[in-house]
Amino acid sequence: AWEVLPLLPGGCKQIWLVTSDFHMPRAAYLFEAVFASRGLALEVVQHPAESDCHGKAPAEDVSAINAQSLLQRLENEARFIR
């Protein structure tokens, strides 16, 4: 998200975020947090790509990731690389 900031044209009002459905909640959260920290009112339009990622949360639980703290999300994701 930080790397995108210098690429945005002046007057930009929205970005399209394309990533896997598994990573979308975290990615959208990070983009929104970075933009908010810079005082930017940019809409993040989500375009998730279907994935076959093992351990994917059911669709109804995906939005719950935004209610977790950063530490909780990192601990949850760390289980996939152990």
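Student: In helix 1, about how many helical turns separate F31 and F35?
Tutor: This is a predicted model. F31 and F35 both belong to helix 1, and they are four residues apart. Because of that spacing, the separation is about one helical turn.

Student: Which kind of aromatic pair do F31 and F35 form?
Tutor: A search of the whole structure finds one aromatic pair. F31 and F35 form it, with 5.9 Å from centre to centre. Their planes stand at 75°. Planes over 60 degrees apart count as edge-to-face, so the pair F31 and F35 is edge-to-face.

Student: Are F31 and F35 buried or exposed?
Tutor: Both residues appear in the largest nonpolar core, alongside others including L5, I15 and V44. A nonpolar core is a set of buried residues. So F31 and F35 are both buried.

Student: Which element gives the most to the largest nonpolar core?
Tutor: The largest nonpolar core has 11 residues. Strand 1 and helix 1 each supply at least two of these core residues. Six residues come from the top contributor, helix 1.

Student: Which residues does V44 touch, beyond those up to four places away in sequence?
Tutor: V44 is one of the residues of the largest nonpolar core. Leave out residues up to four places away in sequence, and V44 touches I15, L17, F31, E32 and F35.

Student: How many bridges join strand 1 to strand 2?
Tutor: Strand 2 covers residues 43-49, and the two strands run parallel. One facing pair is T19 and P48, with P48 in strand 2. The number of bridges joining strand 1 to strand 2 is seven.

Student: Is the β-α-β crossover right-handed or left-handed?
Tutor: Follow the chain from strand 1 into helix 1, residues 24-37. From helix 1 the chain goes on to strand 2. This β-α-β crossover is right-handed.

Student: What pattern does the protein follow along the sequence?
Tutor: The protein has three helices and two strands. Read along the sequence, they give the pattern β-α-β-α-α.

Student: Why does S20 count as buried?
Tutor: S20 sits in strand 1, residues 14-20. Leaving aside neighbours within four places in sequence, S20 contacts A49 and S51. Buried means under 20% relative accessible area. S20 is buried because its relative accessible area is 17%.

Student: What share of the protein's residues is buried?
Tutor: The protein exposes about 5,900 Å², with 57% of that from carbon and sulfur atoms. The count of residues is 82. Of these, the buried share is 24%.

Notes. Residues numbered from 1 in each chain as written. Predicted model: local features only at pLDDT ≥ 70, side-chain atom pairs only at ≥ 80, totals over all residues. Heavy atoms only, no water. Buried < 20%, exposed > 50% of the residue type's maximum accessible area, 1.4 Å probe, protein only. Contact = heavy atoms within 4.5 Å. Areas by Shrake-Rupley, 256 points an atom, 1.4 Å probe, with all protein chains shown as cover. Pairing = 2+ DSSP bridges. Right-handed = clockwise from strand over helix to strand, strands pointing away. Phe/Tyr/Trp six-rings, centres within 6.5 Å; stacked < 30°, edge-to-face > 60°. Core = buried A, V, L, I, M, F, W, Y, C linked by side-chain atoms within 4.5 Å.
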